[in-house]
Amino acid sequence: MRHLFSMCTVCCVFFLAGACALTLFAAPQGTLLVGAVRVDITPPADAALPMSGYSNRKQGFQKIHDHIYARAIVLSDGTHQAAILSWELIGMPDGVWKELSARINKELGIPANNLILAGEHVHSAPTVAGAYTKGTPATIAYTAKLEEAAFEAVKQAQANLQPARFGFGTGKAY
């Protein structure tokens, strides 16, 4: 058993050393930059949009309990950029992903292969046109506003790029 542990340890060390060597020698070194932003995507209180997630819901939301947000992080090594965008909705419909990723690529220079665009699967938020249905005129209009807000979030995060800092901490949760 001890021999197996030693072999696994040696293999892991060689794997990590190889990964580090690739990282060190495969790409030019630069400062990692990061920018982040949070944008409010809560619809107006009188929007009466249908809620996501439960097909037996027949009424739209009645009041705003908590605001919902889109969050974007852009990373840059000085040569390449990548972005992560999430929003507090049930999902990211394919059509929205295609349009949004194409616009981010065209206007911000971040290729679709360097994007993660995701919904957080929230059932207590309005539905997005194209998620499960074609949508009503109200959901189509809201989805257009969402796309614009999501694009602006990535654009603002890109504009906020600054040298990254890394840290960690520990604590107790009760």
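Reader: Why is Ile84 called partly exposed?

Author: Its relative accessibility is 38%. Partly exposed runs between the 20% and 50% cut-offs. So Ile84 counts as partly exposed. The model is predicted. Ile84 sits in strand β3, residues 81-87.

Reader: What makes Ile84 part of a nonpolar surface patch?

Author: A patch residue needs over 30% relative accessible area. Ile84 has 38%. Nonpolar side chains are joined within 5 Å. Leu32, Ile73, Leu75, Ile84 and Ile116 make the patch, of about 400 Å².

Reader: What makes Arg71 and Glu88 a salt bridge?

Author: Their N to O distance is 2.7 Å. The cut-off is 4 Å, so the pair qualifies. Side chains of opposite charge can pair when their charged atoms come close.

Reader: Where in the chain are Arg71 and Glu88?

Author: Arg71 is in strand β2, residues 69-76. Glu88 is in the loop between β3 and α2. The two are 17 residues apart, and the pair links distant parts of the chain.

Reader: How do you know whether Glu88 is buried or exposed?

Author: Glu88 has 15% relative accessibility. Buried means under 20%, so the label follows. Glu88 counts as buried. Its partner Arg71, at 30%, is partly exposed.

Reader: Why are Glu107 and Arg103 about one helical turn apart?

Author: Both lie in helix α2, and they are four residues apart, so about one helical turn separates them. Their side chains meet in a salt bridge at 3.1 Å, N to O. That is within the 4 Å cut-off. Glu107 is partly exposed at 48%, and Arg103 is partly exposed at 25%.

Reader: What does the pair of Arg103 and Glu148 tie together?

Author: Arg103 lies in helix α2 and Glu148 in helix α3, residues 137-159, so the pair ties together parts 45 residues apart in sequence. The closest N and O atoms of this salt bridge are 2.7 Å apart. Glu148 is partly exposed, at 36%.

Reader: What makes Arg103, Glu107 and Glu148 one network?

Author: Their salt bridges share partners. Arg103 pairs with Glu107 and with Glu148. The count for the structure comes to three salt bridges.

Reader: How do you know that Arg103 lies over the face of Phe151?

Author: Arg103 is 3.7 Å from the ring centre. The distance cut-off is 6 Å, and the charge must also be within 35 degrees of the ring normal. Arg103 is listed as over the face of Phe151. Arg38 lies over the face of Tyr69, at 3.9 Å from the ring centre.

Reader: How many aromatic pairs does a search of the whole structure find?

Author: Zero. A pair would need ring centres within 6.5 Å.

Terms used: Residues numbered from 1 in each chain as written. Predicted model: local features only at pLDDT ≥ 70, side-chain atom pairs only at ≥ 80, totals over all residues. Heavy atoms only, no water. Patch = residues over 30% accessible without salt bridge, like charges linked within 9 Å, V, L, I, M, F, W, Y side chains within 5 Å. Areas by Shrake-Rupley, 256 points an atom, 1.4 Å probe, with all protein chains shown as cover. Buried < 20%, exposed > 50% of the residue type's maximum accessible area, 1.4 Å probe, protein only. Phe/Tyr/Trp six-rings, centres within 6.5 Å; stacked < 30°, edge-to-face > 60°.
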